[in-house]
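Dear colleague,

Here is the structure for you to look at. My notes on it come after.

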Amino acid sequence: MKKSHFCDAEPAPAFSNLPSVSLSQLAMISINIRSLLWLSAVFRVILIVYGEWQDSHMEVRYTDVDYLVFSDAASLMASGDSPYKRTTYRYSPLLAFFLIPNSIIHRSWGKFLFSASDLLVGAFIHSILKLRKVPEDLCMYSVVVWLFNPFTFTIGTRGNCEPIVCAMILWIIICLLKGNVLQAAFWYGLVVHFRIYPIIYVLPIILILDPLFFQSGLKPRLQNWSSRQDKTLRSSNKVTDQYDLWKALKTVFSKERVMFGLVSGAVFLSCTGLFFYLYGWEFLHEALLYHLTRTDPRHNFSIYFYHIYLHYEHEFLMVEKLISFLPQFIVQLVLIFRFAQDLPFCLFMQTVAFVAFNKVVTAQYFVWFFCLLPLILPWSNMKLKWEGLSCILVWIGAQLHWLMWGYLLEFKGKNVFLQLWLAGLLFLAANTFVLIMITCRHTYSLVFQRLEHPTLKNAEKNN
């Protein structure tokens with residue numbers, strides 16, 4: 001397989017800062033995935049119980065304000081009203097439906113549901129890495145990166161729904177790895193209805209459904225982790241890459257691609273049509289159209305917030321609202337056509353870039369790419385000391401710098417809008433730096449091995 005062309009660093013074992021045999025590795029092997037999930041579950045239950053106490057006894061609430069919106073919308077739905085009577089509820093009615101037990105069983109029902117989805121993400125990460133034959137110790141390290149990440153375990157316990165979306169996205173990856181295209185299409189249509197942003201994954205998924213990897217009656221062959229640095233594979237791609245170029249247009253409407261598009265589209269349109277029938281244009285605007293043209297004058301990490309704040313009283317033209325998508329669109333296309341065959345890495349890069357260039361950026365969006373990060377770590381040549389630490393410190397440092405100005409604005413009432421915007425630019429630069437470092441230290445790896453194909457065999461013989 002071939003390495004990323006962005007840098008010329010020599011390949012090294014994944015997590016190369018770790019010794020070949022260490023006490024930490026032995027401890028990881030001795031703790032199986034089931035024990036790790038149980039420990040994580042207990043930890044999350046403690047946080048949920050603590051959150052209830054903090055909400056009752058302290059001025060600053062532990063519970064996310066969005067959770068209160070979800071709960072109010074669920075209560076309205078339980079009483080037969082539209083969830084969109086609750087102002088600022090801008091999600092699928094499915095979310096409100098899932099949280100109806102909040103008003104029947106306990107108000108923390110949703111937190112347990114989201115935390116269970118959080119644990120499911122950890123289990124799915126382990127399953128994906130095992131399917132690709134990653135050693136158990138690296139699997140466990142990668143799962144820990146998700147389960148014990150402060151950004152992730154607080155999201156679900158505070159009452160944010162993002163873990164449900166993350167679990168569905170990872171399940172789609174599992175379905176694709178196992179060759180279950182029909183099931184992957186169903187869940188993809190559902191997740192795009194539930195949360196619109198996964199629409200950015202449609203092109204890499206379509207590209208990965210190449211007839212060279214997916215053929216009727218044949219299960220796709222996965223490229224194992226152990227062969228990630230096989231130099232003989234790197235030199236064997238010349239014929240197949242040329243074959244891809246002239247074969248691309250001819251196979252664009254392959255059976256798997258057409259089936260994926262029809263099924264995912266049918267699921268999305270069915271869900272959307274059903275709720276449009278029940279709740280009308282209010283649903284369509286709040287759950288879907290609002291997110292395409294959203295402008296938020298409140299301070300957030302986005303580089304666009306200051307411009308929106310200064311001009312919010314004036315009506316934005318539709319062209320002006322949509323033009324901010326141009327940088328996102330260009331970056332997405334570059335990443336997709338460069339990395340699509342290394343699907344987990346492509347999805348990770350896409351998500352980080354999408355969040356960094358979005359018109360509204362909040363901390364909960366970081367979970368979108370944190371769930372994909374463990375899937376690429378075993379293919380990383382980055383040493384924790386010092387490259388890994390520098391990436392962590394630059395990213396967190398830029399975020400803390402922004403939060404300092406945000407605190408002065410929100411809690412001290414100081415006029416620091418310009419400084420906050422400059423801090424947003426610095427945060428974008430930090431994201432770009434981390435992306436470049438990750439790309440340079442990543443071992444580019446095809447997810448699937450090419451299946452036997454008569455035309456391909458003839459091309460190889462002629463060469």
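Below are the source of the model, two loop residues with unusual backbone angles, one loop aspartate and one surface patch.

This is a predicted model, in which local features need pLDDT of at least 70 and side-chain atom pairs count only at pLDDT 80 or more, while totals for chains, interfaces and linings use all residues. Residues are numbered from 1 along each chain as its sequence is written, and side-chain values use heavy atoms, with hydrogens and water left out.

Backbone angles. Most residues other than glycine have a negative phi. Thr 88, not a glycine, has a positive phi of about 70°. Thr 88 sits in the loop between helix H3 (65–78) and helix H4 (93–98); helices (H or I, at least four residues) and strands (E, at least two) are DSSP runs, numbered from the N terminus. Thr 88 counts as partly exposed because its relative accessibility is 42% (buried is under 20% relative accessible area, exposed over 50%, partly exposed in between; 1.4 Å probe, protein chains only). Lys 133 also has a positive phi, of about 60°, and lies in the loop between helix H5 (109–131) and helix H6 (136–147).

Aspartate. Asp 210 is in the loop between helix H10 (202–208) and strand S1 (221–222). Asp 210 is buried, at 13% relative accessible area, and its side chain reaches the backbone nitrogen of Leu 212 at 2.8 Å.

Surface. Residues including Leu 384, Trp 386 and Leu 403 make a nonpolar surface patch of about 780 Å² (residues with over 30% relative accessible area and no salt bridge, nonpolar side chains joined within 5 Å; a salt bridge is a Lys or Arg side-chain nitrogen within 4 Å of an Asp or Glu carboxyl oxygen; areas by Shrake-Rupley, 1.4 Å probe). Trp 386 belongs to helix H20 (residues 384–410) and is exposed, at 61% relative accessibility.

Regards

Conventions
A polar contact is a pair of N or O atoms within 3.5 Å; within protein, one must be able to donate a hydrogen and the other to accept it, and residues adjacent in sequence count only if both atoms are side-chain atoms. Patches are made of residues with over 30% relative accessible area and no salt bridge: like charges are joined within 9 Å, nonpolar side chains (Val, Leu, Ile, Met, Phe, Trp, Tyr) within 5 Å.
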